[in-house]
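Please walk me through how to read the enclosed spaces, one helix and one strand in this model.

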Amino acid sequence: MAKLKFDLSESVRVQLTVEQQKQIEQLYSQAAKEIEEAAKKLPVTVSDVYRQQYLANLQKQLVERFNQIQEELNSGIQTNMKKVCEAAVKDNTEFLSKAGLSIKGAYSHVPDEIIRTIITGKLYEGNWTLSKALWGSNSKTQQDIQTIIAKGIAENKSAYDIAKDLEKYVDPKAKKDWDWSKVYPGTSRKVDYNAQRLARTMVSHAYQQSFIRMTQKNPFVEAYQWISGHTERTCEICIARETNDSFGLGRGIYPKDALPLDHPNGLCTFIGVIPPMMDVSNRLSDWAKGKSDPAIDAWMTDMFV
């Protein structure tokens, strides 16, 4: 038994996951910096009327800023999804080359196809879309901001102190006080968590769906094998999937129509179970010489449809 692994796209996925984590942190850190700069210009003690006006303006500024962040997240996530899909196409092209096939443009349509399938929610159950998910996360953030302002006013905090609390809330690297959840109940302790989780999940699912899309009709891929990430975040579900043998194919090996979808925040990977490359090359050689092979015919058609 040999293995088909998309090494390039797997490394691209890991790299993009690290890069986008930093990019998302930077978006929120910049917003926190803007609050900090605004707070520096404000006296600690101001009239109640001025305090109300200042906080209203600050909230309006933050609404605009987080709407901008939402747009940047949408664009950045889709860009990274396309990058990992394109890397998967290159991995598949390399496999074709090793098998003795040099087919220009094979599966070049897959990246756009996969992105469409994921962001419109066709991959998932329910009424989910990427746009709705981002809007929901943004809405929660703005609700938290409103809560912090309202609670600060109710407790007669100065505009400066409320601004500093908003800065602490928005800054993804700021440590919240132990009683933060009591002071501001219902607000998130980590403002960028939902965005980070969504971005990681979208890139991971784009990688998995690209892998499946380009190997599903490959007659040489006999099954899929689940490989867990084995990090400190690896969960019991993923370990169970890696050791599962309910199909009688071997530990972690699934029929091509039964590979589970990696869960949100997942970092697992997948490989194809294939015959030795010599057997693949011989079969392809016979087909190229005119021997009937309907499975290869269907595979060739699938590359461009």
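Q: Which helices each supply at least two residues of the lining of the largest cavity?

A: Rolling a probe the size of a water molecule over the atoms shows where empty space is left. A cavity is a set of points, on a 1 Å grid over the protein atoms alone, where a 1.4 Å probe fits but cannot get out, and lining residues have an atom within 4 Å of a point. Here helix H2 (48–98) and helix H4 (130–154) each supply at least two residues of that lining, helices being DSSP runs (H or I, at least four residues) and strands likewise (E, at least two), numbered from the N terminus. This is a predicted model in which local features need pLDDT of at least 70 and side-chain atom pairs count only at pLDDT 80 or more, while totals for chains, interfaces and linings use all residues. Residues are numbered from 1 along each chain as its sequence is written, and side-chain values use heavy atoms, with hydrogens and water left out.

Q: How many cavities of 30 Å³ or more does a search of the whole structure find, and which residues line the second largest cavity?

A: The search finds 2. The largest holds about 70 Å³ of space, and among its lining residues are Tyr-28, Phe-66, Leu-134 and Ala-195. The second largest cavity, of about 30 Å³, is lined by Ser-137, Lys-140, Thr-141, Tyr-169, Ser-188, Val-191 and Asn-194, and H4 gives the most to that lining, with 3 residues.

Q: What span should the 25 residues of H4 have?

A: The expected span of a helix is 1.5 Å times one less than its number of residues. For H4 this gives 36 Å, which agrees with its end C-alpha atoms, because they are 36 Å apart. Buried residues of H4 (under 20% relative accessible area, 1.4 Å probe, protein chains only) include Leu-130, Ser-137, Thr-141 and Ile-148. The buried residues of H4 pack against partners including H2, helix H5 (159–170) and helix H7 (193–215), where contact means heavy atoms within 4.5 Å.

Q: Which residues of strand E4 lie on one side and which on the other?

A: In a regular strand the side chains alternate between the two faces of the sheet. In E4, Thr-269, Ile-271 and Val-273 lie on one side and Phe-270, Gly-272 and Ile-274 on the other, and all are buried.

Q: What stands opposite Gly-272 in E4?

A: Leu-4 stands opposite Gly-272, and so does Tyr-224. Two strands pair if DSSP finds at least two bridges between them; strand E1 (residues 2–4) is joined to E4 by 3 bridges and runs antiparallel to E4, and strand E2 (residues 223–227) pairs with E4 in the antiparallel sense over 5 bridges.

Conventions. On a 1 Å grid over the protein atoms alone, a cavity is a set of points where a 1.4 Å probe fits but cannot get out, and a pocket is an open set with protein on both sides within 12 Å along at least five of seven lines; lining residues have an atom within 4 Å of a point. Grid points are joined across faces, edges and corners, and a volume is the space filled by probe spheres set on the points. Buried means under 20% relative accessible area, exposed over 50%, partly exposed in between (1.4 Å probe, protein chains only).
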